[in-house]
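Here's a model to pick apart, term by term. Let's ask what earns each label its place.

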Amino acid sequence: AGAVGRHLQDQLAAHGFTLGHEPDSIEFSTLGGWIATRASGMKKNRYGNIEEIVLDLTAVTALGALERRQVAPRESVGLEPRLWMFGSEGKLGIITSAVVKVHPLPEVQRYDSVLFRDFTTGVAFMYELAQSGDWPASVRLVDNVQFEFSLALKPEATGWKALKSKLEKRLVTGVMGFDPKQMVACTLVFEGTQAEVDRQVALVKAIAKKHRGMLAGGENGSRGYQLTFGIAYIR
C-alpha cells in the first residue's frame, strides 16, 4: 500500500499492463493514500474510481488486523467493514496492502483538445458528451484562468514553431473571433481499441461542432493533460 503511483505505473507497464488510475498527484501519492482519500483518477471514465479498482485490502486497526486470506467474489450478506476504509483519511486504521484490478495497455492512445468561446459553452459541450454515454478515458474542461496559466507555462517557441504559433494565435483570436479573456479549453485522452477510439473521436468532433468548438490538436491536448501534473508540483 506504500507503493508510489509512478512506481506502480512503470512496473505494470513493463509487463504490458496498467492500473488506469492517474490522479494529478500520481508521482507522489501511494496506493494506500488513494484508498484512504477515496481518490478519483483522470482516466476514471474508462478504468473507474479507486473504490471500483480495489478488489480487496488489508488494514491494521486499533482492534487488530482487518483482512481475509484470499480474494473472493462479493458477499451479499452482512456489513462490509473493508468498504469503510475508502475515504477514512486514516481515522479507522492504516492500510497495509491491497489487491487491485489491472488492464492490458490500450491498443491506441490519442490526445486531442477543443477550444470554446466561453466556459458556459464548454459546459454545454461536456453535458451533451456526458449524455451520450460513450466517453473518452479523460475529458477535462479548464476555465479561462487555468487556460491562460497553461499558456504562461508553455515553453517559448523558436524558429518556424514561433511563426506557426503567431499564425495560430492570429487565426483563433482574429479570424475566428475568440476572446483571449473568455476562451476555455477541453483536453481529451482516448484509450482503447482502434475502433473504440475512432468512434469516440467522431462523436466528440460532432458534438464540438454543434457548440462552435474549434479542434486544437493532439499536441495541445497532451500538453494540457501534462499541465495537471505541473499544477501538482506548483501547489
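Q: What makes β6 and β9 a pair?
A: Two strands pair if DSSP finds at least two bridges between them, and two bridges join β6 to β9, so they count as paired, running antiparallel. In one of them V114 has L215 in β9 as its bridge partner. The strands, like the helices, are DSSP runs numbered from the N terminus (E, at least two residues for a strand; H or I, at least four for a helix).

Q: How far can we trust this, and how is it numbered?
A: It's a predicted model, where local features need pLDDT of at least 70 and side-chain atom pairs count only at pLDDT 80 or more, while totals for chains, interfaces and linings use all residues. Residues are numbered from 1 along each chain as its sequence is written, and side-chain values use heavy atoms, with hydrogens and water left out.

Q: What makes β7 and β9 edge strands?
A: Each pairs on one side only. The four strands form an open sheet in the order β7-β8-β6-β9, with antiparallel pairing.

Q: How do you know that α5 packs on the sheet?
A: Helix α5 (residues 119–132) touches β6, β7 and β8, where contact means heavy atoms within 4.5 Å. Its direction makes about 160° with that of β7; axes are lines fitted to C-alpha atoms, for helices over the stretch in contact, and angles run from 0 to 180 degrees between N-to-C directions. As for α9, that helix lies across β6, β7 and β8, at about 90° to β6.

Q: Why is R212 called exposed?
A: Exposed means over 50% relative accessible area, buried under 20%, and partly exposed in between (1.4 Å probe, protein chains only). R212 has 55% relative accessibility, so it counts as exposed. R212 sits in the loop between α8 (194–210) and β9, and has a positive phi of about 60° although it is not a glycine.

Q: And why is R38 called partly exposed?
A: Its relative accessible area is 46%, which falls between the 20% and 50% limits, so partly exposed is the label. R38 lies in the loop between α2 (31–36) and α3 (44–47), with a positive phi near 50°.

Q: What makes a lining residue nonpolar, polar or charged?
A: Ala, Val, Leu, Ile, Met, Phe, Trp, Tyr, Cys and Pro count as nonpolar, Asp, Glu, Lys and Arg as charged, and the others, Gly among them, as polar. By that rule, the lining of the largest pocket divides into 17 nonpolar, eleven polar and ten charged residues.
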